[in-house]
Amino acid sequence: MGTAPQGFLPGVLLPLDGPIAPREDLPQESSIIDLDPEVKDKYGLYVARITHKYHENDYKAANYIGARAREIMEAAGATKTWGGELEELHGQSAHHMGTCRMGNDPGKSVLDKWCRAHDVPNLFVPDASCFVTSAGANPALTIQAIAFRTADYIIRSAKRLDL
Ligand SMILES: Cc1cc2nc3c(=O)[nH]c(=O)nc-3n(C[C@H](O)[C@H](O)[C@H](O)COP(=O)(O)OP(=O)(O)OC[C@H]3O[C@@H](n4cnc5c(N)ncnc54)[C@H](O)[C@@H]3O)c2cc1C
């Protein structure tokens, strides 16, 4: 449940453990990935720049989940608990998704409902970038389901010579 408080002596209160819970990170137009206008990589190419800010709902959800996690730990016999607030979890880990979100409107989305690029008909992107929200669970199984669905669509489209 976050980083141990300063001065905390691991040897005193071991064993340590704690729950970690995925939480929906609401999509916002201000959260984007673009090319950094100044920083370049070793090949001289501009690097990706991540701009992200939490939504008010993200704080509420994190505080709620954190409180439930403390209850679980205390019910299990924990004598000292900490963490759970969103600030402490920022940057600990993240599932990246939504960078090529799907949608019907080419003006507001990159892919159509089959993960096909609006602008490039023979380009399919069946990965986490098509997600329109992060949802509240781990993404890998949904990514796999979407990939199978997209592959099936490609096969059917190819048979109709419609790629
Ligand atoms: C430590 C860790 C633990 C995780 N645990 C879980 C879990 O328990 N459950 C769960 O559901 N999810 C988990 N995830 C998240 C899950 O692994 C990712 O959400 C998922 O792999 C994303 O799939 P993707 O296809 O969108 O991207 P990726 O799997 O990252 O695939 C992107 C691919 O594109 C390639 N690529 C990148 N740039 C280029 C380029 N320029 N040219 C060609 N290829 C390129 C990369 O090499 C890579 O193979 C975990 C992630 C991490 C890091």
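## Exercises on a predicted model

In this structure, D34 sits opposite R49 of strand 2. Keep in mind throughout that the model is predicted.

**Exercise 1. Work out the order of helices and strands from the N terminus on.**

Start with the tally: the protein has four helices and two strands. Now walk along the chain from the N terminus, and the elements come up as α-β-β-α-α-α.

**Exercise 2. Describe how strand 1 and strand 2 pair, and look at the turn between them.**

Step one: the two strands run antiparallel to each other, with five bridges between them. The D34–R49 pair gives you a place to look, with R49 on strand 2.

Step two: go to the hairpin, where five residues separate the strands. G44 has a positive phi there, near 85 degrees.

**Exercise 3. Decide whether strand 1 is buried or in the open.**

Take residues 32-40, the nine residues of strand 1, and count the buried ones. The count is zero, so strand 1 lies largely in the open. For the wider picture, 12% of the protein's 163 residues count as buried.

**Exercise 4. Find where A135 and L161 sit, and say how exposed each is.**

Begin with the backbone. Most residues other than glycine have a negative phi. A135 isn't a glycine, yet its phi is positive, near 60 degrees. L161 isn't one either, and its phi is positive at about 55 degrees.

Next, place them. A135 belongs to the loop between helix 3 (86-89) and helix 4 (140-159), while L161 falls in the segment after helix 4.

Finally, count neighbours. A135 has 15 other C-beta atoms within 10 Å, so A135 is partly exposed. L161 has 6 C-beta neighbours inside 10 Å; 12 or fewer means exposed, so L161 counts as exposed.

**Exercise 5. Which residues make up the largest nonpolar core, and what does C115 touch?**

As background, nonpolar side chains in soluble globular proteins tend to be buried together. Here the largest nonpolar core has nine residues: M97, M102, V110, L111, C115, F124, C130, F131 and I146.

Now zoom in on C115. Leave out residues up to four places away in sequence, and C115 touches M102, F124, V125, P126, C130, I146 and T150. Compare that with the core list, and you'll find M102, F124, C130 and I146 on both.

To finish, step back to the whole protein: of contacts between residues at least 6 apart in sequence, 54% join residues at least 24 apart.

Key: Residues are numbered from 1 along each chain as its sequence is written. This is a predicted model: local features need pLDDT of at least 70, side-chain atom pairs count only at pLDDT 80 or more; totals for chains, interfaces and linings use all residues. A residue is buried if 20 or more other C-beta atoms lie within 10 Å of its own, exposed if 12 or fewer, and partly exposed in between; C-beta atoms are placed from the backbone. Two residues are in contact if their C-beta atoms, placed from the backbone, lie within 7 Å. Two strands pair if DSSP finds at least two bridges between them. A nonpolar core is a set of buried Ala, Val, Leu, Ile, Met, Phe, Trp, Tyr and Cys residues joined through C-beta atoms within 7 Å.
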